[in-house]
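Let's take a walk through this model and look at how its side chains meet. Keep the viewer open as we go.

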Amino acid sequence: MSLSASTNASVANISSANTLSAPRFDWTHAEIKALFDLPFMDLMFRAQTVHRENFAPNEVQVSTLLSIKTGACPEDCKYCPQSGHYNTELEKEKLMEVQKVLEEAALAKEKGASRFCMGAAWKHPSEKDFPYVLEMIKGVKSLGLESCVTLGTLNDEQAQRLSDVGLDYYNHNLDTSAEFYDSIITTRTYQDRLDTLSRVRDSGIKLCCGGIMGMGEEQKDRVGLLRQLSLMTPHPESVPINMLVKVEGTPLENVEDLDTFEFIRTIAVARILMPKSHVRLSAGRQGMNEQTQALCFMAGANSIFYGEKLLTTGNPEADKDMALFANLGINPEKREEHSDEAVAEAIAAQAVKQEESKLFYEASV
């Protein structure tokens, strides 16, 4: 069979094996590899078709990410400037006060965010700090924003307590394939991550789970990561696809850049495998030009982080994102709005609680 005939046969097999409107949870490694191997324009067309069947084609969900506790993390993730194992000259900070977090959340909403994500550089949350995070979540939700946190590994009780206060999303990325994982992290196993994801799902919280591209992995590892995500039932509601941001002082600061088209292919394949998930064009956007970002949206990305910073690394400014949206005819995805009065009252209420209990000034590093 000729190469052209073989390619056409692969396209036909993939199309017949999966109706565009029905999510699948049994993708094989070979099927996903066949998607990566499609001609670029065929893959983009397929991904955009799936996207339009499941989402408004010109809407992108907008989130803001805030580091509520920075630095001194005991994990040894080779990509992370917050790891205490590497000298990146990042100053460690205590857990933020609840009122300050809520002020940042209100500002994010004013700039157009519909989800507010809070990240803490922990291996797992301590019992001393956990009550503050619960108050943050309740406050963010009172502002009319979706809430998301990333706090490291969780036990069953912690997952349930997060659910009890109404947490919408828990972020816990797999980062890469199971086979490549030990090359990146040794202080937490792949199974540890899967166990936390299972606990979160069992507690009724939605999952935000994806990975990082460009860490020196091979395409088979990107295939493996996406397959692992696609086997989850249901699929993660949010799937962040990050491009590595190389930070001086980390072991990956000199890793070879990933080809841009390969990154866009990864977005497209994620969209096809998980048709009803929000696929987030996440870290690394600061190094992408507008044309690359536009192709990522064409490939099915329909969620971004915006603001000046993602935890500790740079991100395009919100005004630039809105200008890009205007050029592309994209609108921020909307959710239920609360009045400005309700927002002010929520912040004031949290400030009163803070003053009364003094709970929020005892958080440790």
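**Side-chain contacts, one by one**

R201 has a relative accessibility of 21%, so it counts as partly exposed, given that buried means under 20%. Keep in mind that this is a predicted model. The partner of R201 is E237: their side chains form a salt bridge with an N to O distance of 2.8 Å. In sequence the two are 36 residues apart, with R201 sitting in helix α8 and E237 in the loop between α9 (219-231) and β7 (238-243). E237 also comes out as partly exposed, because its relative accessible area is 21% and the buried class is under 20%.

That bridge has company, as a search of the whole structure turns up 17 salt bridges. One of them joins E75 and R188, whose side chains meet at 2.6 Å, N to O. E75 belongs to the loop between β1 (59-69) and α4 (98-110), while R188 belongs to the loop between α7 (178-181) and α8 (190-202), so this contact ties together parts that are 113 residues apart in sequence. Here E75 is buried, and R188 is buried too.

Next, try E127 and R161, a salt bridge at 3.1 Å, N to O. E127 is in the loop between β2 and α5 (130-142) and R161 is in helix α6 (residues 156-164), so the pair ties together parts that are 34 residues apart in sequence. Elsewhere, R24, D26 and E31 are linked in a network of salt bridges. R24 does something else as well: its charged end sits over the ring of W27, 4.2 Å from the ring centre.

Another arginine over a ring is R115, which lies over the face of Y169 at 3.7 Å from the ring centre. What stands opposite R115 in β3? It's E146. The strands concerned, β2 (residues 115-120) and β3, pair in the parallel sense over 5 bridges. Strand β3 (residues 146-150) is mostly covered, with 4 of its 5 residues buried.

Now for the rings. How many aromatic pairs does the count come to? The count is 3 aromatic pairs. Take F40 and F261: their ring centres are 5.1 Å apart and their planes stand at 85 degrees, so the pair is edge-to-face, a class that needs over 60 degrees. This contact links distant parts of the chain, 221 residues apart, with F40 in helix α3 (residues 40-54) and F261 in helix α10 (residues 260-273). F40 has 14% relative accessibility and therefore counts as buried, whereas F261 has 43% and counts as partly exposed.

A further edge-to-face pair is F297 with F325, at 6.1 Å centre to centre and 75 degrees between the planes. F297 lies in helix α11 (residues 290-298) and F325 in helix α12 (residues 318-328), so the pair ties together parts 28 residues apart in sequence. Is each ring residue buried or exposed? F297 is buried, with a relative accessible area of 8%, and F325 is buried at 2%.

Finally, go back to F261 and look at the surface. F261, L295 and M298 make a nonpolar surface patch of about 260 Å². L295 is found in helix α11, and at 30% relative accessibility it counts as partly exposed.

Methods:
Residues numbered from 1 in each chain as written. Predicted model: local features only at pLDDT ≥ 70, side-chain atom pairs only at ≥ 80, totals over all residues. Heavy atoms only, no water. Phe/Tyr/Trp six-rings, centres within 6.5 Å; stacked < 30°, edge-to-face > 60°. Buried < 20%, exposed > 50% of the residue type's maximum accessible area, 1.4 Å probe, protein only. Lys NZ or Arg CZ within 6 Å of the ring centre and 35° of its normal. Patch = residues over 30% accessible without salt bridge, like charges linked within 9 Å, V, L, I, M, F, W, Y side chains within 5 Å. Areas by Shrake-Rupley, 256 points an atom, 1.4 Å probe, with all protein chains shown as cover. Salt bridge = Lys/Arg side-chain N within 4 Å of Asp/Glu carboxyl O. Pairing = 2+ DSSP bridges.
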